[in-house]
Amino acid sequence: TAPARDRLRIAIQKSGRLADPARSLLAACGLSWRQSRDKLFCFGESLPVDLLLVRDDDIPGLIADGVCDLGVVGLNELDEQAKARRQLGLADAYRPLRGLGFGACRLMIAVPEDWDWQGVQMLQGKRIATSYPAILSAWLQEQGVDAQVVELSGSVEIAPKLGTAEVICDLVSSGATLAANQLKPVEVLLESEAVLAGPAHALDDARAGLMAMLLRRLDGLSKVQDQKLLMFSANEDRIDDLTRLLPDATPLLRLPGAGEGAAVRLQTMCTGTLSWQRLEELERAGAQGLMVLAVEKSLV
Ligand code: ATP
Ligand code: MG
């Protein structure tokens, strides 16, 4: 078994789409680092949590080998490597712990624009270029389609032009890259986003506590992301009407101390959007002194 360690190690992408959002998210969780000169390893200052800056493809393997305890990686990459391990008969080595709400994209089948798409049976006997051979072959099998998977490590979208494949299976976000190559997306294999990945089995030393704390802080962040604190006063007899106007809010909490005249001071947490129009509606129903506050942190 691996030796006990008392510092947690998190792998994130060194540069690329996930690099900045991963760093910002971890910083929002209260982590900070001393920048090392080679910039591959960042020593944690505020907490015993260090960063390893790597290529995203390497992250699942680093977790599998126990070199890192956690990683921020696209679900697409994690899922591909997990399926590849399974196809080789290896045990599961990592799992997604939390979706992180950035890096959203879809793994999709794209065909030449001039195809009249009739469904997956059109892929029968075709060559499909992809960087995700394990996910693609598992999906083809599920669909009962027999096609040839052509593995490419990059620039998959030009394969049809080069004649190496008729069809591609690649990540799509805006669809601009596909359109620029006269391709259109037709089937979704995976809805992906960046995830915090961890080992398949729980740690049993000091790192377990650090990991639990980090997860709790992450949950606190994602919980407050679209929450607003709404404060106002109202007369006692308006409270039922106002509650009906706030179906997406927690029960109204009465604050101690009287408001003006017969009014009570109230507050609630709201998850929906509090537009100007909605505030004006609440005001017409008897709310006074409405105030909307953003929530920054929460431990609940
Ligand atoms: P590295 O040098 O680390 O290997 P990369 O070129 O493989 O970088 P990026 O292009 O930075 O990786 O993409 C990283 C992740 O961003 C992808 O694995 C995916 O989860 C996500 N992503 C979001 N939108 C897109 C998109 N339109 N194309 C590719 N990846 C996307
Ligand atoms: Mg990569």
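# Metal site, pocket, cavity and domains

In this predicted model, the magnesium ion (ligand 2) has two protein donors, Asp 56 (OD) and Asp 57 (OD), which lie 2.1 to 2.2 Å from the ion. Asp 57 has a relative accessible area of 31% and is partly exposed, because the value falls between the 20% limit for buried and the 50% limit for exposed.

The protein chain is divided into domain 1 (8-103 + 194-224), domain 2 (105-192) and domain 3 (228-294). Domain 1 is given as two segments, 8-103 and 194-224. Taken over C-alpha atoms, the centres of domain 2 and domain 3 are 51 Å apart.

The largest pocket holds about 1000 Å³ of space. It is lined by 35 residues, and those closest to its centre are Arg 17, Asn 76, Tyr 132, Asp 170 and Leu 171. Residues of both domain 1 (8-103 + 194-224) and domain 2 (105-192) belong to this lining, so the largest pocket lies between the two domains. Among the elements of the lining, α3 (75-87), β10 (167-172) and α6 (176-180) each supply at least two residues.

The structure also holds one cavity of 30 Å³ or more. The space in the largest cavity is about 30 Å³. Its lining consists of Cys 29, Leu 31, Leu 47, Val 49, Leu 210, Met 213, Leu 214 and Arg 217. Helix α7 (residues 206-224) gives four residues, the largest share of that lining.

The table sets out the two linings by residue class.

| Lining | Nonpolar | Polar | Charged |
|---|---|---|---|
| Largest pocket | 12 residues | 13 residues | 10 residues |
| Largest cavity | seven residues | no residues | one residue |

The lining of the largest pocket thus has 13 polar and 10 charged residues beside its 12 nonpolar ones. In the lining of the largest cavity, seven residues are nonpolar and one is charged.

A last element to look at is helix α9. Which residues of α9 (residues 276-284) are buried? They are Arg 278, Leu 279 and Leu 282. Seen down the axis of α9, these buried residues fall within an arc of 100°, and they therefore line one face of the helix. The exposed residues Trp 276, Gln 277, Glu 283 and Arg 284 are on the other side of α9.

Technical notes:
Residues are numbered from 1 along each chain as its sequence is written. Chains are lettered from A and ligands numbered from 1 in the order in which they are written. This is a predicted model: local features need pLDDT of at least 70, side-chain atom pairs count only at pLDDT 80 or more; totals for chains, interfaces and linings use all residues. Side-chain values use heavy atoms; hydrogens and water are left out. Donors are N, O and S atoms within 2.8 Å of the metal (3.2 Å for Na, K and Ca); water is not among the atoms, so sites may look incomplete. Buried means under 20% relative accessible area, exposed over 50%, partly exposed in between (1.4 Å probe, protein chains only). On a 1 Å grid over the protein atoms alone, a cavity is a set of points where a 1.4 Å probe fits but cannot get out, and a pocket is an open set with protein on both sides within 12 Å along at least five of seven lines; lining residues have an atom within 4 Å of a point. Grid points are joined across faces, edges and corners, and a volume is the space filled by probe spheres set on the points. Ala, Val, Leu, Ile, Met, Phe, Trp, Tyr, Cys and Pro count as nonpolar, Asp, Glu, Lys and Arg as charged, and the others, Gly among them, as polar. Domain bounds come from an automatic or database domain assignment. The arc is that of the directions from the helix axis to the C-beta atoms.
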